[in-house]
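This report looks at the pockets, sheets and a few single residues of one protein model. Please keep the sequence and the structure in view while reading.

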Amino acid sequence: MGIGGVLFDIDGVLVTSWQAVPGAAETLKFLDSKDIARAFLTNTTSKTREQIAVALRDVGLDVHSDEIVTAASLTADHLRENYPDSRVVLINNGEIASDMPGIEFVDETSEDPDVVVVGGAGPEFTHERLSRVYDWLCRGIPVVAMHRSLMWSTGAGLRIDTGMYLAGMEQASGHTAKAIGKPAPLGFRTASERMGVDPDDVVMVGDDLDNDVLAAQVVGMTGVLVRTGKFQQDALDRRITDEFAMEPNHVIDSVADLPEVLNRLVLA
């Protein structure tokens, strides 16, 4: 197959708790040596694209902000297109407004907003704030989630994420929040366009079986699952034993093993 580009998830693939995964820097250099385009698609909402790029460079990974597609930047595009000039309440762990130009943010305790945006989970997800989001959802005010990831990986273990809260709110209210980031197709297609590569010629590398790898395969990409970050062997085992379930195209121990997979794909 032709390999026009590689799309990476960041957290759990290239870094864990913002420390580089062994072999990540060498893999990026390998892509450069082969003139393979690369991009980075992340549901991380605690940092801006520039902050993410700086954090990656600080641990030896040569990444630039214009190569990064975040759930926040995708959400901003969605809001500008579907809710122009709206008053938006943002509930998020991280100051990311600079990645969302043209959006009018208002205080959550003022009058009802036009749209509610929910980012990544963190200390800001208090009982009071989530109850307010639930009330807005029940009353039909649009709730836009930057993503519906269920968890992320840290050096101290797994932490629950926005999707855990959304599931309960949606079930109880009978209303559905619009999710923008992975696993929605928009981010994968946007990243492909940034690289100038057709999705069929892109390899997606992620640690999340559903949100990263299988979602990428749905849009035509080749999926590579790494056994780092939030990877769970039992989730993979269930897929493999279910004859009707979609499986990842490739499974490797870490991103350090990606060059070998790419070489095999070129020769296949």
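A pocket is an open set of grid points, with protein on both sides within 12 Å along at least five of seven lines. The model discussed here is a predicted one.

## Pockets

The largest pocket holds about 420 Å³ of space. Its lining is made up of 25 residues, and Asp11, Asn43, Thr44, Trp152 and Asp161 are the ones nearest its centre. Two elements give two or more residues to this lining, namely strand E10 (151-154) and helix H7 (209-218). E10 provides the largest share, with 4 residues.

The second largest pocket has a volume of about 320 Å³. It is lined by 16 residues, and those closest to its centre are Asp208, Leu209, Asp210, Gln232 and Ala235. Here the elements that give two or more residues are H7 and helix H8 (233-241). H8 gives the most to this lining, with 4 residues.

The table shows how the residues of each lining divide by type.

| Pocket | Nonpolar | Polar | Charged |
|---|---|---|---|
| Largest pocket | 4 residues | 13 residues | 8 residues |
| Second largest pocket | 7 residues | 2 residues | 7 residues |

## The sheet of 6 strands

Strands of a sheet pair through backbone hydrogen bonds, and the pairing is either parallel or antiparallel. In this model, 6 strands form an open sheet in the order E5-E4-E1-E13-E14-E15, with parallel pairing. Strand E5 (68-70) and strand E15 (250-252) are at the edges; each has a single partner strand, so one side of each has no neighbour in the sheet. From one strand to the next, the twist averages 20 degrees.

At the E5 edge, strand E4 (residues 37-42) and E5 are joined by 3 bridges in the parallel sense. Within this pairing, Phe40 stands opposite Ile68 in E5. Helix H2 (residues 49-58) packs on the sheet and touches E4 and E5, with its direction at about 130 degrees to that of E5. Helix H3 (residues 71-82) also lies across E4 and E5, and runs at about 65 degrees to E5.

Another strand of this sheet is E13. Is E13 (residues 202-206) largely enclosed by the rest of the structure or left open? A residue counts as buried when its relative accessible area is under 20%. In E13, 5 of the 5 residues are buried, so the strand is largely enclosed by the rest of the structure. Val202, Met204 and Gly206 point one way from E13, while Val203 and Val205 point the other way.

E13 has partners in E1 and E14. Strand E1 (residues 5-8) pairs with E13 in the parallel sense over 4 bridges. E13 is also joined by 4 bridges to strand E14 (residues 222-226), and these two run parallel. Met204 appears in both pairings: Leu7 stands opposite Met204 in E13, and Met204 stands opposite Gly223 in E14.

## Thr70 in strand E5

Thr70 is found in strand E5. Is Thr70 buried or exposed? Its relative accessibility is 1%, so Thr70 counts as buried. Leaving out residues up to four places away in sequence, Thr70 touches Thr42, Thr44, Arg49, Ile52 and Asp99. One of these, Thr44, is among the residues nearest the centre of the largest pocket.

## The sheet of 5 strands

A further open sheet has 5 strands in the order E7-E6-E8-E9-E12, and its pairing is parallel. The edges are E7 and strand E12 (178-179), each with a single partner strand, so one side of each is left without a neighbour in the sheet. Strand E8 (residues 115-118) and strand E9 (residues 143-145) pair in the parallel sense over 3 bridges. In E9, Val144 is the bridge partner of Val117.

Phe105 lies in strand E7 (residues 104-105). With a relative accessible area of 30%, Phe105 is partly exposed. Which residues does Phe105 contact, leaving aside its neighbours within four places in sequence? The contacts of Phe105 are Val88, Leu90, Ala97 and Met100. Phe105 and Thr190 are 85 residues apart in sequence, and their C-alpha atoms are 25 Å apart in space.

Note on methods. Residues numbered from 1 in each chain as written. Predicted model: local features only at pLDDT ≥ 70, side-chain atom pairs only at ≥ 80, totals over all residues. Heavy atoms only, no water. 1 Å grid on protein atoms, 1.4 Å probe; cavity = no way out; pocket = protein on both sides within 12 Å on 5 of 7 lines; lining within 4 Å. Points joined across faces, edges and corners; volume = space filled by probe spheres on them. Nonpolar A, V, L, I, M, F, W, Y, C, P; charged D, E, K, R; others polar. Pairing = 2+ DSSP bridges. Axes fitted to C-alpha atoms, helices over the stretch in contact; angles between N-to-C directions. Contact = heavy atoms within 4.5 Å. Buried < 20%, exposed > 50% of the residue type's maximum accessible area, 1.4 Å probe, protein only.
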